[in-house]
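Visitor: I'd like to know what stands behind the labels people put on a model like this one. Can we go through a few of them?

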Amino acid sequence: ATVSVLYWTKTMKKTALLRVNGWRYAKCGPPGEVLKSETWAGATVGESDVKVKMSGVPVLKQDVDMLMGTYGGYKAENTGNSPVAGTEGWGMVVEAGPKASVSKGSKVAITTQNVGTWASEVTTSDANITDVTGLKISNENLALLSVYSSAVLLASEYGDVRNATCWVLGAETPVGQALAPLLQSKGATVTALKQGEKQPQGSPKFIFNAVGGEDLRAATDAAAEGCTVVTWDNISKQRMDIAGTKAVMSGMQIRSFWFNRWLQQSTPAQRTALFEEAAALSQSTTVAQAPHNFSNFAAAFDSVYVSPAVPVVSF
C-alpha cells in the first residue's frame with residue numbers, strides 16, 4: 001500500500017497550457033491496458049473557475065481501484081466519456097476567473113475526488129481547490145497532503161488516545177506510516193502491525209484498521225471493553241469480520257473513515273486548519289518514498305499494493 005507521485009518537468013512544451021497532456025481511460029481494467037497518454041484542448045475558464053498547471057500528483061490505492069473498476073462500484077464506461085485519471089494533487093494557478101477566490105500565481109491543492117488530476121493542466125471550480133500558498137510543507141509532501149491529513153483526523157476524531165493502547169493494522173500503508181508515530185506523540189501506547197504480522201498479547205482500546213480479513217478478526221477478539229475500531233482501508237480485500245458476540249457484549253464501537261467524505265462535509269476554514277496540522281506532521285514524520293521512472297509506469301501501480309516505500313514517478 002503505497003503512493004506514487006508524478007512530477008511534470010520544466011522541459012514540458014509551452015503549448016501545454018493550450019493543449020493539455022495527460023492520462024485518460026475509456027473503460028476500467030488493468031492500468032497498463034486502459035490508461036492512455038493523450039492530448040486534448042484546454043477548457044475555458046469560467047467566472048469562478050481556475051486553471052491550474054499541475055506540479056505533483058499522487059497515485060493512491062483509490063486511483064488504481066478506480067482504474068480497475070473496484071472503487072465503490074465506479075465504472076469509467078458509465079460516465080459517458082473518457083475521464084482523466086487521478087483524484088488529488090497540487091499546482092500553480094495560471095488563470096483565474098473574475099469571481100474566483102484565488103488569484104493567478106497561487107499554489108493550490110485539488111481537494112475533491114471529482115476532478116481528474118493526472119494532466120498538465122486542470123480547469124475546475126474554485127470550490128474544488130484549497131489555497132496552500134502559505135503552507136509550510138515541502139513540494140514532495142504536498143503531493144501526499146491527503147495521507148498526512150488522514151492520519152491527523154484518525155488520531156483526533158474518534159476519542160482520546162492519551163494513555164490508551166492502540167493497534168494500527170496496516171502500519172506499512174502510507175497513512176499507517178504517519179499515523180503510528182502521531183499516536184505515540186499524543187501519549188498512546190502503540191503497536192504498529194503490518195498485514196499478516198503476529199499480534200501481541202494485550203487488549204487494545206483503539207484498533208485503527210487498514211487490513212481487514214483475519215487480521216481484524218483476531219484484533220477484535222483481543223479488544224478491550226468499549227474498544228473503538230476505525231477502518232480506513234481494506235488492503236487484504238477480504239471480508240471484514242469481527243468478533244460478533246464480543247462486539248455486542250463489550251460495547252465495541254465500529255466506525256469508518258473516508259477522507260473524501262470529510263472533505264465534502266468540511267468548511268474552507270476547517271480544511272485550512274487541517275492542512276496546517278498535516279504540514280506540521282510532515283515535518284516530524286516521514287512517509288517513505290522511492291524514485292520511479294515514467295518509462296516503467298506500470299511498476300508504480302503494481303507497487304501500490306506491495307511496497308512500503310512511496311514510488312516517486314518523474315517524467
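Guide: What follows is a short round of labels, each set against its cut-off.
Guide: This is a predicted model, where local features need pLDDT of at least 70, side-chain atom pairs count only at pLDDT 80 or more, and totals for chains, interfaces and linings use all residues. Residues are numbered from 1 along each chain as its sequence is written, and side-chain values use heavy atoms, with hydrogens and water left out.

Visitor: Why is S282 called buried?
Guide: Buried means under 20% relative accessible area, exposed over 50% and partly exposed in between, with a 1.4 Å probe and protein chains only. S282 has 8% relative accessibility, so it counts as buried. S282 sits in helix α9, helices being DSSP runs of H or I with at least four residues, strands E runs of at least two, numbered from the N terminus.

Visitor: What does S282 touch?
Guide: Contact means heavy atoms within 4.5 Å. Leaving aside neighbours within four places in sequence, S282 is in contact with I137, N141 and Y148.

Visitor: And why does D241 count as partly exposed?
Guide: D241 comes out at 33% relative accessibility, so partly exposed is the label. You'll find D241 in the loop between β12 (228–231) and α7 (244–250). Not counting residues up to four places away in sequence, D241 touches G213, L216 and R217.

Visitor: What makes α4 roughly perpendicular to α9?
Guide: Axes are lines fitted to C-alpha atoms, for helices over the stretch in contact, and angles run from 0 to 180 degrees between N-to-C directions. Under 35 degrees counts as roughly parallel, over 145 as roughly antiparallel, 65 to 115 as roughly perpendicular and the rest as oblique. α4 and α9 (residues 268–284) pack at about 100°, with their axes 8 Å apart. That makes the pair roughly perpendicular. Residues making the contact include Y148 and V152 of α4 and F275 and S282 of α9.

Visitor: How do you know where the largest pocket is lined?
Guide: On a 1 Å grid over the protein atoms alone, a pocket is an open set of points where a 1.4 Å probe fits, with protein on both sides within 12 Å along at least five of seven lines; lining residues have an atom within 4 Å of a point. The largest pocket has 34 lining residues, with Q62, W232, F257, W258 and F259 nearest its centre. α8 gives the most to that lining, five residues.
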